[in-house]
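Visitor: I would like a close look at one part of this model, with the side-chain pairings taken slowly and each value stated.

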Amino acid sequence: TGYYGLQGATQMLFSDELGNQQIFFATNLILDLKNSDYLLAYYNLASRINWGLQGYHSAAFLQETSDPDAPLEAYPVARFTSTGIAAMTSYPLSRFSRLDVSMTGALFQKDLIVSENVPTKNAYAIFPQINYVHDDALMSYFYPIDGTRFNVGVSAAPSIATDWLGF
């Protein structure tokens, strides 16, 4: 136990014998599910086009110098949470390069921990992403000793409405 009470971290990967079907679960437990980080993912690697689905929740605590929603609170503590789902595909172009495409939908929330009278702020986002990945590195035990590795990608978030994030 620590400052937040009960804590624990776990990562589990379940797979079939060939590794074609994978289920991944990770968590960083802090008090309860609202304050914890967790991820559940499924990956299908059986065919040339690999695909996967995942859902996640992440919480972070920050102490602010001030907050316009609670002007009487000195140094309020805020909880920022991110919850979302994602779908991804990967298509190999050669032995050393591939094309990755993904789509993520996310909900971002901000709660002031010190005040119950301040409503939760919400923002939404959709992130399509496309990446070209090249990796022909020859690995030693800890680091690559020869070859090249790079990832070039493009991502955007369309601003659909006033409470949607966009870039």
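Is Phe-167 buried or exposed?

Guide: The model is a predicted one, and the values below are computed from it. Phe-167 counts as exposed, because its relative accessibility is 61% and the cut-off for that class is over 50%. The ring of Phe-167 nevertheless has a partner, since Phe-127 and Phe-167 form an aromatic pair with 5.8 Å from centre to centre and 35° between the planes, a geometry classed as tilted. Phe-127 belongs to strand S7 whereas Phe-167 sits in the segment after S10, so this pair ties together parts that are 40 residues apart in sequence. The pairing also extends to a third ring, as Phe-108, Phe-127 and Phe-167 are linked by ring pairs into a cluster.

A second aromatic pair involves strand S7 as well: the ring centres of Tyr-132 and Phe-150 are 6.1 Å apart and their planes stand at 45°, so this pair too is described as tilted. Here Tyr-132 is in strand S7 and Phe-150 in strand S10, so the pair ties together parts that are 18 residues apart in sequence. Tyr-132 is partly exposed, with a relative accessible area of 30%, and Phe-150 is likewise partly exposed, at 40%. In the structure as a whole there are 6 aromatic pairs, and the two whose geometry is given here are among them.

The strands that carry Tyr-132 and Phe-150 are also joined through charged side chains, for Asp-135 and Arg-149 meet in a salt bridge with an N to O distance of 3.2 Å. That pair links distant parts of the chain, with Asp-135 in strand S7 (residues 121–135) and Arg-149 in strand S10 (residues 149–155), 14 residues apart. Asp-135 is partly exposed, its relative accessible area being 29%.

Searching the whole structure gives 4 salt bridges, and two others among them deserve the same attention. In one of these, the side chains of Arg-79 and Asp-111 meet at 3.5 Å, N to O. Arg-79 lies in strand S5 (residues 77–92) and Asp-111 in strand S6 (residues 97–112), so the pair ties together parts that are 32 residues apart in sequence. Both partners fall in the buried class, because the relative accessible area is 10% for Arg-79 and 9% for Asp-111, while the limit for that class is under 20%. In the other, Arg-98 and Asp-100 form a salt bridge through their side chains at 3.2 Å, N to O. The two partners of this bridge are classed separately: Arg-98 is partly exposed, with a relative accessible area of 35%, whereas Asp-100, at 19% relative accessibility, counts as buried.

Finally, a polar side chain elsewhere in the chain can be read in a similar way. Thr-27 is located in strand S2 (residues 21–30) and is buried, with a relative accessible area of 18%. A polar atom of the Thr-27 side chain lies 3.1 Å from the backbone oxygen of Asp-37. Once its neighbours within four places in sequence are set aside, Thr-27 is in contact with Gly-8, Ala-9, Thr-10, Asp-37 and Tyr-38, so that Asp-37 appears both in this contact list and as the residue whose backbone oxygen faces the polar side-chain atom at 3.1 Å.

Conventions: Residues are numbered from 1 along each chain as its sequence is written. This is a predicted model: local features need pLDDT of at least 70, side-chain atom pairs count only at pLDDT 80 or more; totals for chains, interfaces and linings use all residues. Side-chain values use heavy atoms; hydrogens and water are left out. Helices (H or I, at least four residues) and strands (E, at least two) are DSSP runs, numbered from the N terminus. Buried means under 20% relative accessible area, exposed over 50%, partly exposed in between (1.4 Å probe, protein chains only). A polar contact is a pair of N or O atoms within 3.5 Å; within protein, one must be able to donate a hydrogen and the other to accept it, and residues adjacent in sequence count only if both atoms are side-chain atoms. Contact means heavy atoms within 4.5 Å. Rings of Phe, Tyr and Trp (its six-membered ring) pair if their centres lie within 6.5 Å; planes under 30 degrees apart count as stacked, over 60 as edge-to-face and the rest as tilted.
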